[in-house]
Amino acid sequence: MDRFEKYIKNNINKNPDYEPSDNLKEKIFKNVALNSHSKVSFFKKNLFKFTSCFACIALFIVVGIVLIFSTNKVEQYSAIIEIDVNPEIEMVINEKNEVISIKGLNDEGKMVILEEDLKGKNITEVLSKIIEIETNMGYLNNNLALSDMTISITNDKDDIIKKIQKTINESITSISDSKEKSLNVYYKEGKSVDSLKQYAASVDPTLTIEKISHMSYDAIIKVISDYHNEVAEINSVDLEKMYLETKKQNAIKMVENAYYNNLKTLDNTYSSLISQYDYFYNLLIDTYSKLQNEYKELTIDSDSLYQKTLKMLNDKKEEIIKQKKLIAIKKQNGEYVKLEEIILSAFEEQYKTLEVNLKVIKQNIDDVYNSVLDEASNIFKNLNDVKEKLKDVVDSITIDNILNSNEALNEYKTQQSLNFIKEYSECIEYINSVMRTRKSNLLNSDK
């Protein structure tokens, strides 16, 4: 800018006595390539541009955040899936389709998942592994018409059930295509809310139906999932039954022991009632011990008649599966299988006989067990009758009074599992050894 232009800009409006006309201003500014409104116009235009640009950027940021959160926000949920091919398996999955717990519902189901790393895997991967194992073990086989799979999904929302069902269908289609295997999948209704609550109460004696009624649906399923993890090392339905009964008995003993300690603070006025309580309390403890010991000796011990017959039954089942595989292979090769079918028929008759024998043995054991259980129930009733007479002087005690924090409750549950596994380690190892051998024999039956 030359000096003349600076001079005009600096002095054109300095003299208060001199007000040039608009025409004069226009002329002067025109000569120096300026416009009288250029300063204002430039500011206004750029202010508008800046404001518009800022508004656009802010809008993009807001829209982006909304899109990110709406895209990534996935409804959290959990659901129970049951798979039945005779080996029955139950698992809990989350909204990411990850298996967060898994348990066999019968001995065959426990054997299928024995020592398999399935927890934390995607449902597709877990289904693929289960189908592979069950196929190799002979439970699923295209040539034997054993390719039917029944599945149930438990959740309180229909849209979630449909979503999981769609995922399972796509997974099984993919698995069938990759393994060139056809599977017939049937769906049955999952557990109702009431049956789910009863299930939760049956596996956790620290809960009551009333307490469960105040829990969320996912919290109830978590009880089931936690139980799956508790019994992960217990690979026998009979041993699991013993574990559950032990949990119930220990919960009762904990409450009664706390109540008994409170009785000791009473004076001699109540000595007679205290003596009665003491008698029934010790009798109950002895009866519970008798109950567990008899069940263990009759059902769990390796030299028990039940275990010996069960082994014979499982051995015969292996022979039947192997024979069916042999027949299928020979049929594929166009060979004569009449003799093999006669042998299979004989095996199946022997299996039926052993199955009947095992049921008779089991019924006798249940009769003895239930007899002792009734005895324990009567003693417990007498104990409560004494407590009723003392209700005005001794406060009632519940598990919640004793385990009055989540930390205490979780510690108690963990300790229950650890104590049982430690106490019955020999039984657990024996059963696991039997399961491993059975599984290996079935997996290698073609070799």
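Is the crossing of α10 and α13 left-handed or right-handed? In this predicted model, the crossing of these two helices is left-handed, and the first legend below sets out how they pack.

**View 1. Packing of helix α10 (residues 237-263) against helix α13 (residues 338-389).** The axes of α10 and α13 lie 13 Å apart and meet at an angle of about 15°; because angles under 35 degrees count as roughly parallel, α10 is described as roughly parallel to α13. On the α10 side the contact is made by D238, K241, E245, I252, E256 and Y259, while α13 contributes K362, D366, Y369, L373, F380, L383 and K387. Sorted by class, this contact of α10 with α13 holds seven charged and six nonpolar residues, with no polar ones.

**View 2. Helix α7 (residues 193-203) where it crosses α9.** Here the two axes come within 9 Å and cross at roughly 40°, which makes α7 oblique to α9, and the crossing in which α7 passes α9 is left-handed. The residues in contact are V193, L196, K197, Y199, A200 and V203 from α7, together with Y217, I220, I221, V223, I224, Y227 and H228 from α9. By class, the contact of α7 with α9 comprises 11 nonpolar residues, one polar residue and one charged residue.

**View 3. The largest cavity and the residues that line it.** The count comes to three cavities of 30 Å³ or more, and the largest cavity encloses about 140 Å³ of space. Its lining is formed by D107, N235, S236, Q307, L310, K311, N314, Y430, I431, V434, M435 and R438. The elements that give two or more residues to this lining are α12 (305-332) and α16 (425-443), and the largest share, five residues, comes from α16. In the lining of the largest cavity, five residues are nonpolar, four are polar and three are charged.

**View 4. The second largest cavity, with helix α9 (residues 217-230) in its lining.** The volume of the second largest cavity is about 60 Å³, and the residues around it are V203, D204, V223, D226, Y227, E230, K247 and K413. Helix α9 supplies the largest share of this lining, four residues. Five of the lining residues of the second largest cavity are charged and three are nonpolar, with no polar residues among them. V203, V223 and Y227 appear in this lining, and V203 of α7 and V223 and Y227 of α9 are also listed in the helix contact shown in View 2.

Notes: Residues numbered from 1 in each chain as written. Predicted model: local features only at pLDDT ≥ 70, side-chain atom pairs only at ≥ 80, totals over all residues. Heavy atoms only, no water. 1 Å grid on protein atoms, 1.4 Å probe; cavity = no way out; pocket = protein on both sides within 12 Å on 5 of 7 lines; lining within 4 Å. Points joined across faces, edges and corners; volume = space filled by probe spheres on them. Nonpolar A, V, L, I, M, F, W, Y, C, P; charged D, E, K, R; others polar. Axes fitted to C-alpha atoms, helices over the stretch in contact; angles between N-to-C directions. Parallel < 35°, antiparallel > 145°, perpendicular 65-115°, else oblique. Left-handed = near helix turned anticlockwise from the far one by under 90°. Contact = heavy atoms within 4.5 Å.
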